[in-house]
Amino acid sequence: MKKIKNSPKYLKSLITYDWWKYLILFFVSSIVVYYAFHMKLSLKRYEQLGIFTTAYIKDEKIIDELEEELQEEGTKQVNIITAEKESRYYDIQLDTNGIGGSDILILPSSKVIDVTYILQNTLKFNDEFVSELLDINSSLSFLTYEEYTYGIKIYDEEDEGYNSHFHFDSWVEFDETYYMFLVADRKSTRLNSS
């Protein structure tokens, strides 16, 4: 009975001398709860699609259309990152935002000069994948280097017949020949040639 009568005094002394412990406990538990909900509710990497391009995007509705079309495959967010090809920071943007943060690169032929750099960081298509693409569209052209196939031509500045097979013109304005590359995921070897 004596302990119960002294409990307000005990509680007061705890708060007086150990208040900083309770404050630290509050902050630590708040951070843990925040990160638990953040990790639960944030989009996973496989639920996002990143596209890096130097082409001018004419219609921003392309993002909504891509999200709607890819929703069945589990993609919840599409991000298009644009860069100016004449910018003095282009190489840094390609490295960080393109190869480091995107899934697809849409680059002009003038910026595919360093073939080995692009080849090291994009998927190399095996023969089976190339034949599947050709079954879908037999007029496709690819970018090859030595024995590797690693890029799909999506716009040819000199061949309107080739461009008629694609529907990019309504969304994107191309000013030269463009290629599409798939950024290599270090863990993925599905499309890589052996």
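A residue counts as exposed when over 50% of its relative accessible area is open, and as buried when that value is under 20%. Keep those cut-offs in mind on this tour of a predicted model.

**Stop 1: helix 2.** Select residues 61–70. Start with Lys61 and Glu68: these exposed residues sit on the face of helix 2 turned away from its buried side. Now turn to that buried side. Show Ile62, Ile63 and Leu66, the buried residues of helix 2. Look down the helix axis: the three fall within an arc of 100 degrees, so they line one face of the helix. What do the buried residues of helix 2 pack against? Add strand 1 (48–53), strand 2 (56–57) and strand 3 (77–82) to the view; these are their packing partners.

**Stop 2: aromatic pairs.** The model holds seven aromatic pairs. Select tyrosine 150 and phenylalanine 181 for one of them, a stacked pair. Their ring centres are 5.7 Å apart, with 25 degrees between the planes. Colour strand 6 (residues 148–155), home of tyrosine 150, and strand 8 (residues 178–182), home of phenylalanine 181. The two residues are 31 apart in sequence, so the pair ties together separate parts of the chain. Are tyrosine 150 and phenylalanine 181 buried or exposed? Both are buried. Now add Tyr179: ring pairs link Tyr150, Tyr179 and Phe181 into a cluster.

**Stop 3: lysines over rings.** Go to tyrosine 90 and show lysine 111. The charged end of lysine 111 sits over the tyrosine 90 ring, 4.7 Å from its centre. Finish at tyrosine 162. Lysine 153 lies over its face, 5.6 Å from the ring centre.

Definitions and conventions. Residues are numbered from 1 along each chain as its sequence is written. This is a predicted model: local features need pLDDT of at least 70, side-chain atom pairs count only at pLDDT 80 or more; totals for chains, interfaces and linings use all residues. Side-chain values use heavy atoms; hydrogens and water are left out. Buried means under 20% relative accessible area, exposed over 50%, partly exposed in between (1.4 Å probe, protein chains only). Helices (H or I, at least four residues) and strands (E, at least two) are DSSP runs, numbered from the N terminus. The arc is that of the directions from the helix axis to the C-beta atoms. Contact means heavy atoms within 4.5 Å. Rings of Phe, Tyr and Trp (its six-membered ring) pair if their centres lie within 6.5 Å; planes under 30 degrees apart count as stacked, over 60 as edge-to-face and the rest as tilted. A charge sits over a ring if NZ of Lys or CZ of Arg is within 6 Å of the ring centre and within 35 degrees of the ring normal.
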